[in-house]
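Subject: Structure handover

Hi,

Here is the structure for you to take over. Please open it alongside this note; my findings follow below.

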Amino acid sequence: MKTPLRIGLAILLAISLVSCAQQGSLKAGSATTKSMLQLIPAASRAVLMVDVHRSVTAEAVQNALKDEKMKQKYDEFVKKAGIDPIKDVYFLAVALAGTPGGKSQEGAVVINLKYNKESLLARIKEQVKDLREDSYSGVTIYSGPAKPGAEGVVPSGAFLDDSNIVFGADKTVRAVIDVYNKKSDSVDKSPEMKKLLKAVNTSANFWGIVAIPQEMVKLAADKNPMLKDLVGLTGLTLSFDYANRNLVAEIQGLGGTKEQNKSLA
C-alpha cells in the first residue's frame, strides 16, 4: 500500500472514531448533549438539559462551596446519596410528555453519572419501604406507591447501564427504556422537535426546548384577546451559559407571522 493511501485511510478512521465518540457515547465522562438526546423519547413535548459537570466546576459554584454552611449542606447530601455531584455527575436530562402545563403531563429524568448500583439501590430501599420490582425489556424497573393526588402516576426508576439511570412517571420511564433498547425513536428524530434543537444553543450549561400546541395557544387567546399575538407560536427555546465570569441568557419564540412576532417583541 502506498504511503499517501495509508495516511488517507488513517485520517478517515480517526474522523470516524471521533464522530462516533461525539454522537454515540453514553459513558459517564465522555457523554455529550447529542448522545444524551438519544435517550429521550420522540413523543417528548419539552426537553431540559443540564451540563452538570461543567456547571458545578465553574468558578462561581466553587466559590459558593467555600461558605461553611453551604459546604456542610453539600457534604450532608454526598453522605446521604453516596454520590458527589462535582466528581460523579455529568448530565441531567428532563423529558416531559403531554400538553405543557396540562394534567396529563408525565415526565422522567435521565442522569449520566458514575455510581455503584448496589450501594445506591440499598440507599433507595432504605427510603422506600414498599419498593416493587418489575422486568421490562430486560431492564428491572423499581416502583414506589403512587402519591395521593397524583392521579395514578406511579413513580419508578431503572438502572439503564453503569453510567445512566432514569426515574420519573412509570409510563415515561418505560418509554426511555424503549429508546435505550432501540425499539422506538429518540427526540432528535422528531421533525417538530428537531427544528427547536437547531435553534437552541445546545452547548450551554443549561438549555431547554418546548413545543407549543396551537390548540392551547388559540384557547388562551380566545379567553384573553391580549394574547392574540401568541397565535402561531409553535415553540420556545431557552439557554443559560456561564463562561469567563459572564452569564449569557437567551430566550426565543418560534413560529408566527412577521407582524405577530414584531408585536410580541
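**Strand β5 and its neighbours**

Three bridges join strand β5 to strand β6, residues 155–159, and the two run antiparallel. One position to look up there is Y142, whose bridge partner in β6 is G157. Please keep in mind that this is a predicted model.

β5 itself spans residues 139–143. Is the strand mostly covered or mostly open? It is mostly covered: four of its five residues are buried.

β5 also pairs with strand β4, residues 132–136. That pairing is antiparallel as well, over five bridges. Here R132 stands opposite S143 of β5. So much for the pairing; now the turn. β4 and β5 form a hairpin, with two residues between them. S137 sits in that turn and has a positive phi of about 50 degrees.

In short, β5 has β4 as an antiparallel partner and β6 as another.

**The protein as a whole**

The protein has 265 residues, and 35% of them count as buried. There are 11 helices and 10 strands. How much area does the protein expose? About 15,800 Å², with 59% of it supplied by carbon and sulfur atoms.

On contacts, consider those with a separation of 6 or more. Residues 24 or more positions apart account for 56% of them.

I would start with the hairpin of β4 and β5, then move across to β6 through Y142 and G157.

Best wishes

Key. Residues are numbered from 1 along each chain as its sequence is written. This is a predicted model: local features need pLDDT of at least 70, side-chain atom pairs count only at pLDDT 80 or more; totals for chains, interfaces and linings use all residues. Side-chain values use heavy atoms; hydrogens and water are left out. Buried means under 20% relative accessible area, exposed over 50%, partly exposed in between (1.4 Å probe, protein chains only). Two strands pair if DSSP finds at least two bridges between them. Contact means heavy atoms within 4.5 Å. Accessible areas come from the Shrake-Rupley method with a 1.4 Å probe; for residues, only the protein chains shown count as cover.
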